[in-house]
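Thanks for coming, everyone. I want to walk through the strands in this structure and how they pair. Please pull it up on your screens.

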Amino acid sequence: MSYSALSHLECSRTAQRYDADVVQGVSAVGAPLLARYDLERVAATVTPDIIASRPPTLWRYHEVLPVRDEANVVSLGEGMSPLLPLPSYGASIGVPQLMMKDEGLIPTGTFKARGAAVGVSRARELGVKGVAMPTNGNAGAAWATYAARAGLTSLIAMPVDAPSITRAECVAAGAELYLVDGLIGDAGKLVNAAVAARSGYQEVSTLKEPYRIEGKKTMGYEIVEQLGWQLPDVIFYPAGGGVGLIGIYKALLELRELGWIQGELPRLVAVQAEGCAPIVQAYESGASESTPFPDARTVAFGITVPKALGDFLVLEAVRATEGTAIAVSDADLLAEQRRLAAREGTFICPEGAACMAAAKQLREAGWLSEDDRAVVLNTGMGVKYPETVAVDVPTLAVDSQIPPKPAA
Ligand SMILES: Cc1ncc(COP(=O)(O)O)c(C=O)c1O
């Protein structure tokens, strides 16, 4: 069995086949291309036990990843993030079996490292010399970091409001970085024009190259493996472009085809912020695609995506699994970020906190039951967003005293 069982690429709208061994962008109709594998061959040669014996990185699933030659793997040790029980917080919202897949603990502090590791590795394998992308911050930081590791150049454009640490990460990694006075779509237009006018770069915007999603789908493989090849009942995901959710759904379908899981798939929940909820609006109105969300704004900056290229794929995944889409307010998600940290000792990003708020609300509404085994994706570490916690504490003079213990 070779390192990868990649067979071809397929248009997500028309199912037309494309050659996977040349650099590809979107399909002829402008839709994302999805990687397809010879899963029969994988099922005949690989077993969950073999996977379990491999090192704890996402490359343990290499047969269902696109890199053909292991020598081209660019890795910083990404993957196999913890799946943590949240007994105290879960009980407080009436979901005692709540778990969190903590993506704050992988390189660059967000799940974006998964897409970057696989995307950059495959780009290098196909002879790409530089990558260019618009970003809400974390993806740019991850791609710049992995590009540096791979010896590729990177051109990154992000909104001025993106988390400021992500600028520093790009600069430290030697990226060509631009701040844009606008949103991610505006940054995308500038990057697109720049790539058209200069050679040597592949545009790797969300779902405009086929392999970022392959990295992100490994979250789905890991959740299933970490549960002993069993399925949870529900998975919550903070959806901007929605790549993680589309990827997890793709992983579940592949796992079913491999024969490694049985039964009903988990209900997938797309979580957005009230200040930018195009997918929730489309879900509620029964539409198959979203319309651009006006004046988008939320403290959960990673999910500020007014119109996503893969929105129809997110909606398809949510509906096919009898999941749902829900928007939460910034006030609610910030409150849950604090409550979770105080109860469980884990400081998560506001996007992950949006999922906690969504779980709480869906439990209150009766959509989630007390018996549900629910997994929340925390997509990044809270440390990347220090401004989300107001710190209002006294500064003491050196010759003063710490006051008596406050009443509980
Ligand atoms: C921390 C975090 N969570 C979630 C997302 C949304 O990811 P996607 O665009 O793949 O839905 C982002 C995107 O920037 C992010 O940085």
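**Strand pairing**

Start at Val234: this residue stands opposite Arg267 in strand 11. Keep in mind that this is a predicted model.

Now widen the view. Strand 10, residues 234-238, pairs with strand 11. The sense is parallel, over five bridges.

What joins up with strand 10 and strand 11 to make a β-α-β unit? Helix 9, residues 243-258. The unit is right-handed.

Strand 11 has another partner. Five bridges join strand 11 to strand 12, residues 324-328. These two run parallel as well. For a landmark, find Val271. Its bridge partner in strand 12 is Ile326.

So how many of the seven residues of strand 11 are buried? Six of them, across residues 267-273. Buried here means under 20% relative accessible area. With six of seven buried, strand 11 is therefore largely enclosed by the rest of the structure.

A quick reminder before we move on. Strands in a sheet pair through backbone hydrogen bonds, and the pairing can be parallel or antiparallel.

Now go to the sheet with strand 1. Three strands form this open sheet, and the pairing is antiparallel. The order is 2-1-3. Which strands sit at the edges? Strand 2, residues 17-18, and strand 3, residues 33-37. Each of them pairs on one side only.

Look at strand 1, residues 6-11, against strand 3. They run antiparallel, joined by five bridges. Here the landmark is Leu9, which stands opposite Ala35 in strand 3.

That's the tour. Over to you.

How values were computed:
Residues numbered from 1 in each chain as written. Predicted model: local features only at pLDDT ≥ 70, side-chain atom pairs only at ≥ 80, totals over all residues. Heavy atoms only, no water. Pairing = 2+ DSSP bridges. Helix = DSSP H or I, 4+ residues; strand = E, 2+ residues; numbered from the N terminus. Buried < 20%, exposed > 50% of the residue type's maximum accessible area, 1.4 Å probe, protein only. Right-handed = clockwise from strand over helix to strand, strands pointing away.
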